[in-house]
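Biologist: I should like to understand how the helices and the core of this protein fit together. May we go through the model step by step?

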Amino acid sequence: MSEVRIWCLRHAESENVTARIAGAVPRSPLTTRGRRQAVDVTRTLRDEPITGIYCSTALRAQQTAAPLASDRDIDITTLSDLNEVGIGEHEGTADPAVRRHTAEVLRAWIVEQDLSQRVGDGESGYQVVTRTSRAFEQIATAHPGETVVVVGHVASLGVTLSRLCGLGRSVWGTPLAHASPFLVTWDRATWRCRSWPR
């Protein structure tokens, strides 16, 4: 059987989230709670025959993947295509107005299917979906019939998987919880996510 099973998860709780800082924020580490959540992932996926672990280049994603990689003695592969949405000139801001606008843009991408919008001079939805889809295709092609893990980010995973798996607007209003794995499969023809985390 050539079906690829990909356990996807948003990174564990990180300092940029608790400080309400917007953007990709690549150097933000996990909080103490986030480090515990990352360890818990190894228990959640204990019985899975994992052969590969992938994550974005962000520190918080790498720190989330690290306990699982150590437990399985598997190297982590970082892919910049899995990074969080870039918001350009607004990167790293704590301005509530920018955070609101970021949420409005994400809603337009997912609910209205309008991928042309962007925050400031940041990425458009087309750019995010293109690069994140490319990462998933690369991973799936490298692991036929295997089970792997992908650690990513709430916005880039949300908009991309809503489109790849045909979930559409149903994912809106249920942002991914930290460090909660959910299964996505690819059978060489169709992407499926049987249960979006609620």
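Biologist: Which residues in α5 meet α6?
Modeller: This is a predicted model. On the α6 side, the residues are Ser156, Leu157, Val159, Thr160, Leu161, Arg163 and Leu164. The residues of this contact divide into seven nonpolar, four polar and one charged. On the α5 side, they are Val128, Val129, Thr132, Ser133 and Phe136.

Biologist: How are the axes of α5 and α6 oriented, roughly parallel or roughly perpendicular?
Modeller: Two packed helices are described by the angle and the distance between their axes. The axes of α5 and α6 come within 9 Å and cross at roughly 75°. Angles of 65 to 115 degrees belong to one class, and therefore α5 is, with respect to α6, roughly perpendicular.

Biologist: Is Ser133 buried or exposed?
Modeller: Ser133 lies in helix α5 and touches Thr160 and Leu164, leaving aside residues up to four places away in sequence. The cut-off for burial is under 20% relative accessible area. Because Ser133 has 8% relative accessibility, it counts as buried.

Biologist: Which element gives the most to the largest nonpolar core?
Modeller: This core has 37 residues, and those with the most contacts inside it are Ile6, Phe136 and Leu161. Elements giving two or more residues to it include β1, α4, α6 and β5. With six residues, the element that gives the most is α5.

Biologist: How many residues does the second, separate core have?
Modeller: Among its residues are Ala12, Ile50, Ile53 and Ala69. The number of residues in this second core is 18.

Note on methods:
Residues are numbered from 1 along each chain as its sequence is written. This is a predicted model: local features need pLDDT of at least 70, side-chain atom pairs count only at pLDDT 80 or more; totals for chains, interfaces and linings use all residues. Side-chain values use heavy atoms; hydrogens and water are left out. A nonpolar core is a set of buried Ala, Val, Leu, Ile, Met, Phe, Trp, Tyr and Cys residues joined through side-chain atoms within 4.5 Å. Buried means under 20% relative accessible area, exposed over 50%, partly exposed in between (1.4 Å probe, protein chains only). Helices (H or I, at least four residues) and strands (E, at least two) are DSSP runs, numbered from the N terminus. Axes are lines fitted to C-alpha atoms, for helices over the stretch in contact, and angles run from 0 to 180 degrees between N-to-C directions. Angles under 35 degrees count as roughly parallel, over 145 as roughly antiparallel, 65 to 115 as roughly perpendicular and the rest as oblique. Contact means heavy atoms within 4.5 Å. Ala, Val, Leu, Ile, Met, Phe, Trp, Tyr, Cys and Pro count as nonpolar, Asp, Glu, Lys and Arg as charged, and the others, Gly among them, as polar.
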